[in-house]
Amino acid sequence: MVAPLYTTESGLLFHAGKILVLTVGLPARGKTHISRALERYLRWTGVKTQVVSMGDYRRKTLGGAQKLPPDYFALGAKSDETEKLRKSVAEGCEQLIWDFFDSGGQVVIYDANNGTRAAREALAAKFDKKGIHIIFLESWCDKQEIIERNIRSVKISSPDYKGWDPDKAVKDYYGRIADRERAYQPVEELTWPSIRILNVGEKILLNVRRRPPPSPLVLTPLKKIQGYLQSRIVFFLMNIHNRFRTIWFARVSSLAAEPHASNPDKHAQQSGQSLIEHSYKADSDLSPAGWEYGEKLKDVVLKRRLKVLQERGIDPEQRKLVIWTSTRRRAHHTAWPFLSSPLPDNGDKESEENQETPDGTPLKTDTPLKPTELLKNPILGTVARDAPVNTPRILPVPDSIAPEGLTLNSGKSTPGHQSKHSKSKSLVPDQIKVVEKTQMLEINPGIWDGLTPDQAKKYYPEDWERFTKDPYTYRVPRAESYHDLSVRLEPILIELERETEDLLIIGHASVIRCLLAYLIGLPASEIPAIEIARGDLLEIVPASYGVHSRAFHFWDGPGRKGDGSGQNGGRDQNNFYENYAEDTKGKRISFTDGATFENGFASQLHHLGGVV
């Protein structure tokens with residue numbers, strides 16, 4: 001579950017006591033990545049957690065490798081000066097651990113090699129005497145490509161190799177690893193509970209029970225992985241990986257078509273959106289502007305994805321693009337352009353013959369189809385998973401359906417949309433998978449459904465006052481609070497960690513706020529203030545020490561955030577509960593283009609200073 005709203009006298013949660021996780025492993029085995037990911041997750045659940053990194057502490061107190069004695073990393077006998085320095089670093093890290101526990105912290109993850117049995121046993125025994133639960137977390141890696149990737153993406157960019165030639169830095173770091181390998185002792189002892197992760201998530205092995213040395217006089221109770229919190233740690237570690245991937249976020253198009261007595265598209269064309277979309281209960285189709293939004297979103301995502309993969313030397317045809325949406329019609333319809341083939345040219349007569357819709361009705365192809373007419377002839381093979389009953393459903397192509405959603409090969413054409421020529425073929429991934437998730441529905445506004453901020457303040461003054469004081473935890477009658485939404489989204493967070501392919505999340509603003517807050521380690525109280533502008537594509541690249549973010553602007557049509565001049569630019573003020581950060585004058589948080597956010601350092605957030 002997400003962070004509980006209650007506190008305890010001791011500051012500890014789940015009756016779990018205090019836990020020290022000692023990482024074990026050779027350099028460049030992903031220990032830092034695992035430690036930071038676990039820290040982010042535990043903080044999200046409300047547990048006071050901190051990573052103590054020996055490498056970071058050494059660089060902070062002693063400087064980079066250039067300032068260290070030559071034998072600091074060498075194996076064997078060392079000079080008195082070196083022994084003194086190494087001892088001071090170890091003692092300093094231990095003091096940081098004690099200080100965090102004494103200040104009310106519950107979990108410390110000690111990110112260090114801890115490669116010899118004697119050293120880690122002595123450290124564990126020292127904390128065990130004070131009632132601290134000990135868990136060994138070993139990262140074991142036997143795949144050279146993972147080690148090489150870790151060195152090039154993390155290690156040689158550290159201050160230790162500032163100004164070095166990358167290839168020389170890699171060679172020097174391999175020398176460090178070789179020295180450590182000769183002295184390394186894997187965790188094979190059964191004294192303490194231990195977790196071994198193979199190849200950063202490929203497999204996980206558990207030794208859940210401590211076996212104390214036999215003694216005829218003293219009966220020592222067995223210690224094991226036990227309780228809710230320790231079990232959640234294991235469960236989370238079973239779902240992580242460090243494969244390079246990019247996560248994009250874009251808002252759902254709100255440009256929904258409202259039925260009109262004489263012309264269904266009339267109101268949508270005039271206003272860009274409709275009153276029916278203001279309602280949480282509505283599930284309307286997209287207007288022509290909404291379909292245009294989806295097409296532009298497809299263009300910018302595919303072009304950006306191709307560039308990112310080429311820069312990393314990855315073959316785009318070997319990677320999937322996974323798209324998550326909610327089951328709202330306007331949400332999964334925004335993703336439909338990713339699955340459609342280009343419309344036929346007017347002169348392409350061959351593709352117009354003998355075409356039928358899925359229900360057998362002849363398809364008229366005298367004129368090009370309008371975006372809204374695509375709904376009447378939807379793409380064959382598109383499946384609405386757990387969608388409302390009034391969502392159009394059609395027969396799927398049997399071999400194109402994946403267990404959790406739709407997989408459509410870019411080379412396939414669809415009835416009514418066949419073409420010999422495809423200008424975007426080179427940009428379309430070999431496979432695209434769209435998955436609809438019911439947990440990703442927008443926040444429920446309750447009695448404020450369809451109201452503007454002024455109306456909510458006028459009709460429900462007491463609720464308004466309490467909401468503005470604490471927009472994260474206060475629950476409007478018959479509504480969801482942001483805390484409720486965060487609890488609902490926790491399974492999505494685990495799936496987010498487990499997903500290994502490039503991921504595009506086409507979501508509602510409230511949902512994106514929660515997911516972004518998790519990824520960057522933002523305090524829960526600031527979730528409602530994150531500004532998610534429609535028409536911006538947010539790019540998040542997970543890294544060992546946090547995430548790298550960029551923003552790409554691609555849409556200026558109806559539904560774009562206004563400039564505060566009185567014109568809302570098509571923005572839906574009647575849905576302010578969903579668009580809280582954009583529709584109120586309170587605190588706002590946006591993303592700086594190109595910024596790097598480290599876990600637990602939300603103060604680095606600044607106002608969006610320009611987008612690409």
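Contact, as I shall use the word, means heavy atoms within 4.5 Å. Good morning. The structure before you is a predicted model, and I shall begin with its sheet.

Six strands form an open sheet in the order β2-β3-β1-β4-β5-β6, and their pairing is mixed. The edges are β2, residues 49–53, and β6, residues 203–207, each of which pairs on one side only. Between neighbouring strands of this sheet the average turn is 20°, direction ignored.

Let me stay with the β2 edge. Strand β2 is joined to β3, residues 107–111, by five bridges in the parallel sense. Within that pairing, Q50 has V108 of β3 as its bridge partner.

Next, the helix that covers these two strands. Helix α2, residues 54–62, lies across β2 and β3, and runs at about 60° to β2.

Helix α2 also meets helix α3, which comprises residues 80–102. In general, two packed helices are described by the angle between their axes and the distance between the axes. Here the axes of α2 and α3 come within 10 Å and cross at roughly 120°. Which residues make the contact? From α2 they are M54, Y57, R58 and L62, and from α3 they are L85, S88, V89, A90, G92, C93 and L96. Sorted by class, this contact of α2 with α3 comprises eight nonpolar residues, two polar and one charged. As to handedness, the crossing of α2 and α3 is right-handed.

I turn now to a single residue in a loop. K155 is located between α5, residues 144–153, and α6, residues 166–183. Is K155 buried, partly exposed or exposed? Its relative accessibility is 21%, and because buried means under 20% and exposed over 50%, K155 counts as partly exposed. Beyond its neighbours within four places in sequence, K155 is in contact with A28, T32, N150, Y161 and Y173. For one of these, Y173, the C-alpha to C-alpha distance from K155 is 8.1 Å, at a sequence separation of 18 residues.

Finally, helix α9, residues 288–311. What end-to-end length should we expect of its 24 residues? At 1.5 Å a residue, they should span 34 Å, and the end C-alpha atoms of α9 are 35 Å apart, which agrees. After α9 comes G313, where phi is positive, near 70°.

To close, I would draw your attention again to α2, which lies across β2 and β3 and makes a right-handed crossing with α3. Thank you.

Key
Residues are numbered from 1 along each chain as its sequence is written. This is a predicted model: local features need pLDDT of at least 70, side-chain atom pairs count only at pLDDT 80 or more; totals for chains, interfaces and linings use all residues. Side-chain values use heavy atoms; hydrogens and water are left out. Helices (H or I, at least four residues) and strands (E, at least two) are DSSP runs, numbered from the N terminus. The expected span of a helix is 1.5 Å times one less than its number of residues. Buried means under 20% relative accessible area, exposed over 50%, partly exposed in between (1.4 Å probe, protein chains only). Two strands pair if DSSP finds at least two bridges between them. Axes are lines fitted to C-alpha atoms, for helices over the stretch in contact, and angles run from 0 to 180 degrees between N-to-C directions. A crossing is left-handed if the near helix is turned anticlockwise from the far one by less than a right angle, and right-handed if clockwise. Ala, Val, Leu, Ile, Met, Phe, Trp, Tyr, Cys and Pro count as nonpolar, Asp, Glu, Lys and Arg as charged, and the others, Gly among them, as polar.
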